[in-house]
Amino acid sequence: MSHSRLGRRTLMLAGAASLLTAKSGLTVPARAQGLQPTTSMRGGANNYRPGAPIVDRIGGGGFLMHGTVRRAGDGAPLEGVRIQIWAHTTEGRERDARSHGATLTNADGVFELEMPQIVPAFGQPHGHLAYDSGAFETVFLRPVMNSARDTSLAAHFVLQPA
């Protein structure tokens with residue numbers, strides 16, 4: 001039996017399709033029945049701070065981190081899931097407490113958090129996101145931006161019950 005790993009592009013396309021589905025009122029396609037869980041990305045846990053507070057935004061804002069959270073298997077959106085976000089920004093480094101915050105997903109499994117502009121660290125502009133609340137397996141993501149000039153970054157979680 002082979003195990004397929006979902007790449008960043010596949011997850012982004014799945015998330016975009018799920019947002020379109022949610023907005024259009026269409027039902028989730030049958031192929032979502034086998035939605036595989038997201039695996040943690042290498043380097044995703046760097047500078048992680050357990051228990052970062054839920055905030056309205058991090059710092060002065062201007063950059064949007066957003067995405068979706070779904071349950072593995074049936075692809076159902078997960079409401080009220082805490083996602084922690086941190087990054088190297090124009091206002092602080094990844095390790096700084098002021099560069100960390102968390103947000104909750106809405107009824108459609110969508111989250112978003114405004115933060116300062118992400119800037120390159122170690123040559124790449126990237127963010128860090130974590131699900132670590134216990135009902136599902138912990139997942140750390142480290143999506144890389146296409147350009148340091150991008151003003152948003154999406155990350156999508158498919159969570160496996162613990």
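Me: In what order do the four strands of the open sheet lie?
Reply: This is a predicted model. Its open sheet has four strands, and the pairing is antiparallel. The order is E3-E2-E5-E6.

Me: Which are the edge strands?
Reply: An edge strand here pairs on one side only. That holds for two strands, one of them spanning residues 139-141. The edge strands are E3 and E6.

Me: By how many degrees are neighbouring strands of this sheet turned against each other on average?
Reply: Direction is ignored for this angle. The average turn between neighbouring strands is 20 degrees.

Me: What is the bridge partner of Ile85 in E5?
Reply: Strand E2 covers residues 82-87. Four bridges join E2 to E5, and the two run antiparallel. In E5, Ile85 has as its bridge partner Leu129.

Me: Is Thr103 buried or exposed?
Reply: Thr103 lies in strand E3, residues 100-104. Beyond its neighbours within four places in sequence, Thr103 is in contact with residues including Ile54, Val81 and Phe111. Its relative accessibility is 10%, and the cut-off for buried is under 20%. Therefore Thr103 counts as buried.

Me: Where does Asn47 lie, and what is its phi?
Reply: Asn47 sits in the loop between helix H1 (8-24) and strand E1 (63-71). At 36% relative accessibility, Asn47 is partly exposed. Its phi is positive, though Asn47 is not a glycine. The value is near 65 degrees.

Me: Is Phe122 buried or exposed?
Reply: Phe122 is in the loop between strand E4 (110-115) and strand E5 (127-131). Phe122 is not a glycine, yet has a positive phi of about 60 degrees. Its relative accessible area is 80%, so Phe122 is exposed.

Notes. Residues numbered from 1 in each chain as written. Predicted model: local features only at pLDDT ≥ 70, side-chain atom pairs only at ≥ 80, totals over all residues. Heavy atoms only, no water. Buried < 20%, exposed > 50% of the residue type's maximum accessible area, 1.4 Å probe, protein only. Contact = heavy atoms within 4.5 Å. Pairing = 2+ DSSP bridges. Axes fitted to C-alpha atoms, helices over the stretch in contact; angles between N-to-C directions.
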